[in-house]
Amino acid sequence: MLVLTRKVGERVLIGDDIVVTILDVRGDGVRVGIDAPRGIRIQRDEVVQAVSEANQEASEAAATPDPESLIKKSLGL
């Protein structure tokens with residue numbers, strides 16, 4: 001991992017076509033702007049993690065039959 005210190009307005013270049021610009025610093029937060037080609041996906045880690053966890057929970061729920069539906073099915077309802 002590369003660790004840098006940047007000031008507002010300074011940039012970091014990634015490859016030939018990605019530019020990260022420091023826009024603002026407020027307290028313990030930093031606003032960054034990312035310029036990248038349209039085909040490059042840029043996502044926040046916490047959003048990716050939340051979606052992954054929700055998908056896992058949905059998958060587990062779908063794999064576990066609902067006891068009430070099993071009873072109705074066995075009774076022919």
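Start with the whole protein chain in view: its radius of gyration is 23 Å, whereas a compact globule of 77 residues would have one near 11 Å. The radius of gyration is taken over C-alpha atoms, and the globule rule is 2.2 Å times the number of residues to the power 0.38. This is a predicted model, in which local features need pLDDT of at least 70 and side-chain atom pairs count only at pLDDT 80 or more, while totals for chains, interfaces and linings use all residues. Residues are numbered from 1 along each chain as its sequence is written, and side-chain values use heavy atoms, with hydrogens and water left out.

**The whole chain**

Turn the chain along its principal axes, and the C-alpha atoms fill a box of roughly 70 × 30 × 20 Å. If you show the surface, the accessible area comes to about 7100 Å², and 54% of that belongs to carbon and sulfur atoms; such areas come from the Shrake-Rupley method with a 1.4 Å probe, and for residues only the protein chains shown count as cover. Buried residues make up 6% of the 77 residues, where buried means under 20% relative accessible area, exposed over 50%, and partly exposed in between (1.4 Å probe, protein chains only). Of the contacts with a separation of 6 or more, 0% are between residues 24 or more positions apart, a contact being heavy atoms within 4.5 Å.

Next, switch to a cartoon view, where the secondary structure comes to 2 helices and 3 strands, arranged along the sequence in the pattern β-β-β-α-α. Helices (H or I, at least four residues) and strands (E, at least two) are DSSP runs, numbered from the N terminus.

**The first hairpin**

Select residues 11-14, which are strand β1, and follow the antiparallel pairing of β1 with β2 over 4 bridges; two strands pair if DSSP finds at least two bridges between them. Within this pairing V12 stands opposite V20, and L13 stands opposite V19. The two strands form a hairpin with 3 residues between them, and G15 in the turn has a positive phi of about 65°.

Now select D17, which is placed in the loop between β1 and β2. Is D17 buried, exposed or partly exposed? With a relative accessible area of 46%, D17 is partly exposed. Not counting residues up to four places away in sequence, D17 touches D35, A36 and P37, and the C-alpha atoms of D17 and D35, 18 residues apart along the chain, are separated by 7.8 Å.

**The second hairpin**

Move on to residues 18-26 and residues 29-35, strands β2 and β3, which pair in the antiparallel sense over 7 bridges. These strands form a hairpin with 2 residues between them, and G27 in the turn has a positive phi of about 55°. Beside that turn, R26 stands opposite G29 in β3.

Which residue of β3 stands opposite T21? Select T21, found in strand β2, and you will see that the residue opposite is G33. Leaving aside neighbours within four places in sequence, T21 is in contact with G9, E10, R11, R31, V32 and G33. One of these, G9, is 12 residues from T21 in sequence and 6.2 Å away in space, C-alpha to C-alpha.

**The second helix**

Finally, select residues 67-74, helix α2, and pick out I71 within that helix. Why is I71 classed as exposed? I71 counts as exposed because its relative accessible area is 51%. For a last distance, draw a line from I71 to S52, 19 residues apart along the chain, and the C-alpha atoms are separated by 32 Å.
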